[in-house]
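This briefing covers the disulfides of the structure shown below, followed by one helix and a group of strands. Please read it beside the sequence and the model.

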Amino acid sequence: MLSNVASSLIAFYVLWASILINFCNAGPLDALTSWARADRIPIDVNLPWLPFENETRCYGELGCLNITRDWYHLIHRPFNVFPLPRSVINTRFILYTEKNPTEGQLLNADDDETIKKSNFNPKFPTKFIIHGFIDTPLSNWVSEMRDELITHGNLNVIVVDWAGGSLPLYTQATSNTRLVGMEIAHLIEKLRDDYELKAEDVHLIGHSLGAHTAGYVGERVPKLGRITGLDPAEPYFQGMGNAVRLDPSDALFVDVIHTDGRSFLLLEIPGYGMSQPCGHLDFYPNNGKEQPGCALSQEGAAVIPLTLIKDGIEEASRVLLACNHVRAVKLFIDSINGKCPYVAHRCPSYQHFIAGKCFKCSSGNCALMGYHSTLPITTSVTNSTSENDVIPNGNTEIVREPAAPQPGKYFLATGKEYPFCQRHYRFTIELAKPRLAESWVQGSLSAAIFSDRGAVRNMELTPKGQSARLEHGTVFQIVVTNPHDIGERIRKVELHWSHEMNVLEPRTFCIPLWCNDHLYVKSIQVETMQMPTREKRNTEYPSKLCAPKRDYAEIANRGSFSFYDCKK
């Protein structure tokens with residue numbers, strides 16, 4: 001009895017000593033998490049709350065699974081269990097093709113007749129749809145994605161049904177994904193070895209836990225073509241090693257869409273999805289956190305349509321409680337056959353993106369998010385930098401290898417409802433500073449754009465419900481979105497200015513005759529979203545607009561002014 005107490009005390013002191021050592025040698029956030037990995041504990045002791053024993057369990061022809069220290073983390077993954085029996089999870093594979101778009105055909109890797117009698121065509125690319133926690137193939141999004149893929153044409157669409165293992169408890173469901181991944185890998189290997197399916201033609205599309213399930217498949221199937229992770233689940237995966245979660249080594253191409261990556265470590269309301277990059281390309285629409293229309297406090301927030309209530313409480317609660325988490329699915333579905341491209345920009349942060357600092361699509365700095373995503377390609381560039389790059393210590397020399405991919409974080413903004421896809425426009429407003437102008441003014445800006453294709457009005461250039469501090473003599477730049485494509489030939493911009501006073505900042509108060517609340521603008525430049533291509537556009541139209549017959553425009557409070565081509 002005393003020996004057990006002594007060993008526990010020794011383990012306790014050793015653990016806290018390792019915490020202090022790591023805290024001194026790393027950053028605060030790293031120290032708060034890295035020390036907790038079980039494989040970092042410096043001595044080999046059996047801690048009562050970490051029951052790792054290198055256990056192994058085998059599942060027939062599927063292979064074996066074990067639980068080692070790599071699978072434990074005191075914060076991120078404190079508990080581990082083995083998957084439920086195969087008969088309980090009862091993983092099923094349902095095939096849909098253009099010949100049977102709505103009536104699925106069951107495929108069984110251990111029953112050749114189910115494959116031979118099906119409409120499976122090894123010459124077509126094969127798409128797997130993998131649902132997540134507390135989800136089933138009966139969910140609306142699964143059938144919507146299936147239908148869009150079938151409409152796209154010449155595809156084998158296989159829906160993975162692991163509803164028997166996706167139910168609570170969450171800890172058990174996370175473990176079940178390992179066995180489901182083995183089941184999917186077993187089917188792919190069967191189709192590859194006996195039916196000439198190429199692993200490179202396989203594309204796994206997984207939502208939440210389904211994304212990590214796809215990662216386990218890629219771990220077992222060499223040269224797997226592609227994995228798309230739709231907001232991969234955060235609990236029990238964020239901060240863990242590559243063996244535990246989805247990572248770029250799991251397929252030739254791994255693209256990830258993050259839409260609910262709020263972290264409890266940053267004192268945010270926790271989200272269901274990962275914020276940590278885990279693919280070759282990681283897309284963060286709207287910063288990958290709060291999606292437009294999802295917060296109950298937002299205007300036009302998510303409401304439950306009567307049609308969803310008819311579909312059941314489960315579907316309605318998914319819209320209300322997991323709106324951000326499910327948005328990744330909706331964006332991907334919209335991208336399959338939608339005509340509007342989801343163009344994202346490689347950027348150090350979302351704040352840089354909104355400020356217009358990462359807008360160019362040169363040198364592979366843009367990528368398409370969604371179904372049509374591919375690795376961007378760059379050409380050889382020496383002694384040249386892109387506005388999308390982060391330059392350490394002011395060094396301006398960057399050398400890129402020919403045809404080198406540009407992995408990283410990609411940002412874009414989307415709408416709050418269909419059509420989610422938006423066109424991006426960068427406004428660069430050059431402010432004049434005449435003697436009459438205040439050094440700075442506080443207020444809001446909006447604009448109307450007129451082009452050969454039509455007009456777009458009421459474009460907010462400052463966040464809705466907020467104001468911006470505009471300093472005369474400087475340049476104000478921002479990226480805004482709109483669902484309409486107005487082309488590149490901008491004929492006219494009508495700028496609206498509204499001065500605002502902040503009770504918390506007395507200097508914003510403006511009394512007539514004592515201060516000047518006018519805004520002075522020298523020029524406006526509007527740049528339209530480019531497409532991620534290596535080819536230069538044949539024609540570039542001037543987008544810089546000026547005040548006619550004067551050096552600058554003076555815009556009174558609640559007034560407006562029209563700007564035209566500077567050359568006219």
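The disulfide of Cys-546 and Cys-566 is right-handed, because the torsion about its S-S bond is about 85°. In this predicted model, the sulfur atoms of Cys-546 and Cys-566 are 1.8 Å apart. The link connects distant parts of the chain, with Cys-546 in strand β21 (residues 544–546) and Cys-566 in the segment after β23 (559–565), 20 residues apart. A search of the whole structure finds six disulfides, among them the pairs described here.

**Disulfides and their surroundings**

- Cys-566 has a relative accessible area of 29% and is therefore partly exposed, since buried status would require a value under 20%.
- Cys-347 and Cys-358 also form a disulfide, with 1.9 Å between their sulfur atoms.
- The torsion about the S-S bond of Cys-347 and Cys-358 is about 60°, so this link is right-handed.
- Cys-347 sits in the loop between β11 (343–346) and α11 (350–354), while Cys-358 sits in the loop between α11 and β12 (366–368), so the disulfide ties together parts that are 11 residues apart in sequence.
- Both ends of this link are buried: Cys-347 has a relative accessible area of 6%, and Cys-358 has a relative accessibility of 1%.
- Cys-58 is joined to Cys-64 by a disulfide with an S to S distance of 1.9 Å.
- The link of Cys-58 and Cys-64 is right-handed, with 95° about the S-S bond.
- Cys-58 counts as exposed because its relative accessibility is 53%, and the cut-off for exposed residues is over 50%.
- Its partner Cys-64, at 37% relative accessibility, counts as partly exposed.
- A further cysteine, Cys-278, counts as buried, with a relative accessibility of 1%.

**Helix α6 and the residue after it**

- Helix α6 comprises 26 residues (170–195).
- From its first C-alpha to its last, α6 reaches 36 Å, close to the 38 Å expected at 1.5 Å a residue.
- Of the 26 residues of α6, 20 are buried, so the helix is largely enclosed by the rest of the structure.
- As general background, an α-helix has 3.6 residues a turn, so residues three or four places apart point the same way.
- Glu-196, just after α6, takes a positive phi of about 65°.

**Strand β7 and its pairing**

- Strand β7 spans residues 202–207 and is mostly covered, with six of its six residues buried.
- Val-202, Leu-204 and Gly-206 point one way from β7, whereas His-203, Ile-205 and His-207 point the other way.
- The residues on each of these two sides of β7 are all buried.
- Strand β5 (residues 126–130) runs parallel to β7 and is joined to it by five bridges.
- One contact in this pairing is that of Thr-126, whose bridge partner in β7 is Val-202.
- Strand β8 (residues 226–230) also pairs with β7 in the parallel sense, over five bridges.
- In β8, Ile-227 is the bridge partner of Leu-204.
- β7 and β8, together with helix α7 (residues 209–220), make a right-handed β-α-β unit.

Terms used
Residues are numbered from 1 along each chain as its sequence is written. This is a predicted model: local features need pLDDT of at least 70, side-chain atom pairs count only at pLDDT 80 or more; totals for chains, interfaces and linings use all residues. Side-chain values use heavy atoms; hydrogens and water are left out. A disulfide is a pair of cysteine sulfur atoms within 2.5 Å. Buried means under 20% relative accessible area, exposed over 50%, partly exposed in between (1.4 Å probe, protein chains only). Helices (H or I, at least four residues) and strands (E, at least two) are DSSP runs, numbered from the N terminus. The expected span of a helix is 1.5 Å times one less than its number of residues. Two strands pair if DSSP finds at least two bridges between them. A crossover is right-handed if, with the strands pointing away from the viewer, the path from the first strand over the helix to the second runs clockwise.
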